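Please look over the sequence and the model shown here before reading on. The report that follows goes from the overall make-up to particular residues.

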Amino acid sequence: MKYELWMAVILLISSCSESNTEDDSCGDGVVDVGEACDGNDFGGDSCVTLGYNGGQLACTSLCQFDLIACEAAGSCGDDIIQTEYGEQCEPGISDENCNELGQGQGIAVCGEDCHWDLSGCSGAASCGDGVIEGVEECEGLDLKGATCESFGYYGGNLGCDSQCFFDKSFCLPFGR
């Protein structure tokens, strides 16, 4: 009986513990070890510091980054050539030999719209001739199967501008 009593006391004592100094502190508004964020405390991070081009960083209830509102798509002039969003070049950092672009001789420079300005090329493709050639993305109504959705938009109407580049001005970024 003495043995069972001692075992009961030992079990009772071992089941009690001192207060845990490592309580889960997620939700206290302070970034702790193991947390990427906590409430509005992002530990100095933002969408931009995490490699995105902008947007609003959020924090999940598990104190991890919620990147859903971070903008992966950049904009012309951000010194990042993002071909997946229709950019061909970046102004001020991109110059190309016309021959390498299939546009004859000379130097092509990047226009303010992040498309090649081929005016310095001799023997350049002729926009409006009905044939997509060189750096042309489209010709008239021929969009090579591209749509606004191809560029990450919700919907809308993709067009072809007078220089044979995609016109995304009627693409919709969101909808329902």
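Among contacts in the protein between residues at least 6 apart in sequence, what percentage join residues at least 24 apart? With contact meaning heavy atoms within 4.5 Å, the share is 22%.

This is a predicted model, in which local features need pLDDT of at least 70 and side-chain atom pairs count only at pLDDT 80 or more, while totals for chains, interfaces and linings use all residues. Residues are numbered from 1 along each chain as its sequence is written, and side-chain values use heavy atoms, with hydrogens and water left out.

**Overall make-up**

The protein has one helix and 10 strands, these being DSSP runs numbered from the N terminus (helices H or I of at least four residues, strands E of at least two). Read from the N terminus, the order of elements is α-β-β-β-β-β-β-β-β-β-β. Of the 176 residues, 26% are buried, where buried means under 20% relative accessible area, exposed over 50%, and partly exposed in between, with a 1.4 Å probe and protein chains only. The accessible surface comes to about 11,500 Å², and carbon and sulfur atoms account for 54% of that surface; the areas come from the Shrake-Rupley method with a 1.4 Å probe, and for residues only the protein chains shown count as cover.

**Strand pairing around β4**

Strand β4 (residues 105–110) pairs with β3, β5 and β6, as the table sets out, and two strands are taken to pair if DSSP finds at least two bridges between them.

| Pair | Sense | Bridges | One pair of facing residues |
|---|---|---|---|
| β3 (residues 95–97) and β4 | antiparallel | three | Glu-96 and Ala-108 |
| β4 and β6 (residues 121–122) | antiparallel | two | Gln-105 and Ser-122 |
| β4 and β5 (residues 116–117) | antiparallel | two | Val-109 and Asp-117 |

The hairpin of β4 and β5 has five residues between the strands, and Cys-114 in this hairpin takes a positive phi near 65°.

**Nonpolar cores**

A nonpolar core is here a set of buried Ala, Val, Leu, Ile, Met, Phe, Trp, Tyr and Cys residues joined through side-chain atoms within 4.5 Å. The largest one has 10 residues, including Cys-98, Ala-108, Cys-110, Trp-116 and Cys-121. Apart from it lies another core, of eight residues, among them Cys-148, Phe-151, Phe-166 and Cys-171.

**Residues in the loops**

Most residues other than glycine have a negative phi. Cys-63, in the loop between β1 (58–59) and β2 (65–66), nevertheless has a positive phi of about 60°, and Cys-63 is buried, with a relative accessible area of 1%. Cys-164, placed in the loop between β8 (159–160) and β9, also has a positive phi, near 70°, and counts as buried at 1% relative accessibility.

The C-alpha atom of Cys-164 is separated by 9.1 Å from that of Ser-126, although the two residues are 38 residues apart along the chain. Ser-126 lies in the loop between β6 and β7 (155–156) and counts as partly exposed because its relative accessibility is 40%. Leaving aside neighbours within four places in sequence, Ser-126 is in contact with Glu-133, Glu-136 and Glu-139.

Lys-168, in the loop between β9 (166–167) and β10 (171–172), is buried yet has no salt bridge, and the nearest side chain of opposite charge, Glu-137, is 6.2 Å away. A salt bridge here requires a side-chain nitrogen of Lys or Arg within 4 Å of a carboxyl oxygen of Asp or Glu, and for charge Lys and Arg count as positive and Asp and Glu as negative, with His and the chain ends not counted. Not counting residues up to four places away in sequence, Lys-168 touches Tyr-85, Gly-86, Phe-151, Tyr-153 and Leu-158.
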